[in-house]
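Open your viewer and get your selection tool ready. We will hop from residue to residue, with a stop at each to see what surrounds it.

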Amino acid sequence: MSRGPYEVLLHTLDPESRRESTLPELDRKPDPWESSMQATCECLSWRGTLDNLERRHVEDALGETVYHDFPVRTRSVVVTAHTLMDRGLITPEELRARMEVIRARFNRE
């Protein structure tokens with residue numbers, strides 16, 4: 001069964017990965033991608049594309065349903081991409097292509 005345009009997001013989850021069964025560690029240093037994602041979310045909110053409070057509500061709703069198996073710290077990126085596709089601001093093909101470019105760059109280092 002296909003989940004339509006969100007399949008590109010659902011395929012990013014490693015089959016071995018599962019959501020944490022305990023609260024995430026609060027004292028850990030965020031990965032660089034997490035800081036970049038937070039800045040991206042702030043810019044999207046500031047420009048009126050995706051309000052932070054609205055995004056957090058969607059994170060809560062989708063994080064408990066569609067993206068339940070994703071680690072909590074990845075919710076913002078997955079839900080942001082989901083919402084941008086919902087609004088027609090990015091297509092699944094554009095997202096997939098961009099993800100391939102980033103993976104190639106990441107694997108090159």
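Start by selecting Asn 52, which is buried, with a relative accessible area of 10%. Keep in mind as you go that this is a predicted model. Asn 52 lies in helix 3, and that helix covers residues 52–63.

What does Asn 52 touch, leaving out residues up to four places away in sequence? Show Cys 41, Glu 42 and Ser 45, and you have its contacts of that kind. Next, display the side chain of Arg 55: a polar contact of 3.1 Å joins it to the side chain of Asn 52.

**Along helix 3**

Keep Arg 55 on screen, and add Glu 59. The side chains of these two residues are joined by a polar contact of 2.4 Å. Arg 55 therefore has a side-chain polar contact with Asn 52 and another with Glu 59, and both of these partners are buried: Asn 52 at 10% and Glu 59 at 13% relative accessible area.

Is Glu 59 buried or exposed? It counts as buried because its 13% relative accessible area falls under the 20% cut-off. Glu 59 also sits in helix 3. Beyond residues up to four places away in sequence, Glu 59 touches Arg 75, Ser 76 and Val 79. For a distance check, pick the C-alpha atoms of Glu 59 and Thr 83: they are 9.9 Å apart, with their positions 24 residues apart along the chain.

**Into the nonpolar core**

Now select Val 8, Leu 9, Tyr 67, Phe 70, Val 78, Met 85 and Leu 95. In the largest nonpolar core, which has 14 residues, these touch the most other members. Colour helix 1 (7–10), helix 4 (75–86) and helix 5 to see the elements that each give two or more residues to this core. Which of the elements gives the most? Helix 4 does, with 4 residues.

Centre the view on Leu 9. Setting aside residues up to four places away in sequence, Leu 9 touches Tyr 67, Phe 70, Val 78, Ala 81, His 82, Met 85 and Leu 95.

**Out to helix 5**

For the last stop, select Glu 93 in helix 5, which spans residues 92–108. Glu 93 is exposed, with a relative accessible area of 53%; it earns that label because the cut-off for exposed is over 50%. Finally, bring back Val 8, one of the core residues listed above. The C-alpha atoms of Glu 93 and Val 8 are separated by 8.4 Å, although the two residues are 85 apart along the chain.

Methods. Residues are numbered from 1 along each chain as its sequence is written. This is a predicted model: local features need pLDDT of at least 70, side-chain atom pairs count only at pLDDT 80 or more; totals for chains, interfaces and linings use all residues. Side-chain values use heavy atoms; hydrogens and water are left out. Buried means under 20% relative accessible area, exposed over 50%, partly exposed in between (1.4 Å probe, protein chains only). Contact means heavy atoms within 4.5 Å. A polar contact is a pair of N or O atoms within 3.5 Å; within protein, one must be able to donate a hydrogen and the other to accept it, and residues adjacent in sequence count only if both atoms are side-chain atoms. A nonpolar core is a set of buried Ala, Val, Leu, Ile, Met, Phe, Trp, Tyr and Cys residues joined through side-chain atoms within 4.5 Å.
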